[in-house]
Structure formats: structure tokens, C-alpha cells
Amino acid sequence: MSDTLTAPGIARIAPDAIRLERLLDAPVDKVWAYLTKAELRRTWFMGGTDAPPSGEFELVIDHDNLSDGPAPYPDSYAASKGKTMRETVLRFEPPHLLETTFGGGEQGQVTYELEPRGQQTRLVLTHRGITSPTGPQNFGSGWTSHLAMLAKRLAGGGVANFWDLHARSQEAVRAALAADQ
């Protein structure tokens with residue numbers, strides 16, 4: 001699998017939308033579980049509650065779960081720690097498609113498309129309707145970092161410090177999105 005930081009696989013597909021693609025070293029059913037089961041999702045993204053076939057679920061921001069060692073929140077993210085977002089499942093087609101709101105719907109929606117490739121899974125993540133002033137750059141850095149974490153967790157590994165990973169992804173995403181303009 002390619003390094004998700006040196007080759008982030010991200011593109012701006014509209015002024016308010018980004019698309020990321022990854023080839024993950026796990027079968028599609030396992031990746032689906034990591035998207036929908038809160039206990040697995042909290043190891044690479046956010047915990048909360050399981051994503052149901054329809055209705056609402058919670059995402060809880062607690063990135064302390066992402067680092068294998070001590071990793072204090074950067075000041076710019078510390079205020080978000082512990083925040084709960086109520087999301088709505090818009091489409092639920094196991095194990096191939098999950099679409100949810102993001103940021104309680106204020107930051108658009110995220111679509112996860114899963115395609116089996118033997119014992120691997122091609123994941124396409126599309127985030128549309130981004131309204132944040134930090135825009136696709138900030139969300140792209142976050143998704144790049146979290147998808148790198150997902151790849152590591154699926155492989156049975158982790159990272160010492162998620163925030164170091166995130167800082168490196170910011171530079172890679174900045175360069176990738178600048179090339180799109």
C-alpha cells in the first residue's frame with residue numbers, strides 16, 4: 001500500500017468538496033465494521049455510538065484514543081476535545097456504501113464507498129458541502145490523517161503520536177490541493 005502522507009490520494013472535486021481514495025489491506029467486511037462500529041471507529045477516527053441502518057448516531061471527538069503514547073492536543077484543537085456531534089445516516093448499504101451528515105449536518109455529508117479487491121478494499125471517501133472557513137485544506141488534512149490511522153489499525157499497528165502524523169499530513173495535503181488549482 002502506498003504511503004498515505006507522501007501520496008495522499010486527495011483531490012478537490014468542487015469548491016466545497018474533496019475526494020480521497022485508498023487501497024486498504026483488509027477485506028471489505030472488516031473495513032465496514034471499522035466505519036460503523038463505535039469501538040473500532042474510535043481507534044482511528046471518533047467513537048460515540050454505532051452507525052445504525054437509519055436514524056442518528058453520535059461521534060465523540062477524543063483523539064487521545066489515536067496515539068499509542070502521550071500526545072497532548074495542539075492548542076488549535078483542544079477546545080474540540082470531548083465534543084459530541086449528532087449525525088444522521090443518509091444511506092446504509094452494507095458493506096459497500098455509507099453516507100452520513102458531518103458536523104451535525106453543518107459541514108455537509110461524507111460518503112464512504114467500499115469495493116472489494118481480493119483481500120483488500122478500495123475506499124473512496126467523498127466529503128461534500130464543507131462550509132468551514134478552513135475549507136477543504138483542513139478537512140483534507142484531517143481525513144488524510146484519519147485514513148492513515150485506519151490503514152495502520154487494520155494492519156494491527158498504530159502510531160506513537162497522532163498529532164505528529166496530522167502535522168505531516170497538513171503539508172502533504174496543502175501541496176496536493178495546490179496542484180488542483
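Me: What counts as a pocket here?
Reply: A pocket is an open set of grid points with protein on both sides within 12 Å along at least five of seven lines. Keep in mind that this is a predicted model.

Me: OK. How much space lies in the largest pocket?
Reply: About 600 Å³.

Me: Which residues lie nearest its centre?
Reply: I61, Y77, F102, N138 and F139. The full lining of the largest pocket runs to 23 residues.

Me: And which elements give two or more residues to that lining?
Reply: Two helices do, α4 (135-154) and α5 (162-180). The top contributor is α4, with 5 residues.

Me: Lining of the largest pocket by class, what does it have?
Reply: There are 11 nonpolar, 10 polar and 2 charged residues.

Me: Switching to cavities. How many of 30 Å³ or more?
Reply: The count is 1.

Me: What volume does the largest cavity have?
Reply: About 70 Å³.

Me: Which residues line the largest cavity?
Reply: From the earlier part of the chain, L35, R41, F45, F57 and L59. Further along come L98, T100, T101, F102, Y112 and W143. F102 turns up in this lining and also among the residues nearest the centre of the largest pocket.

Me: Which elements supply at least two residues of the cavity lining?
Reply: Strands β4 (55-60) and β6 (97-101).

Me: Which one gives the most?
Reply: β6, with 3 residues.

Me: How do the residues of the cavity lining divide?
Reply: Into 8 nonpolar, 2 polar and 1 charged. The charged one is R41, and the polar pair is T100 and T101.

Conventions. Residues are numbered from 1 along each chain as its sequence is written. This is a predicted model: local features need pLDDT of at least 70, side-chain atom pairs count only at pLDDT 80 or more; totals for chains, interfaces and linings use all residues. Side-chain values use heavy atoms; hydrogens and water are left out. On a 1 Å grid over the protein atoms alone, a cavity is a set of points where a 1.4 Å probe fits but cannot get out, and a pocket is an open set with protein on both sides within 12 Å along at least five of seven lines; lining residues have an atom within 4 Å of a point. Grid points are joined across faces, edges and corners, and a volume is the space filled by probe spheres set on the points. Helices (H or I, at least four residues) and strands (E, at least two) are DSSP runs, numbered from the N terminus.
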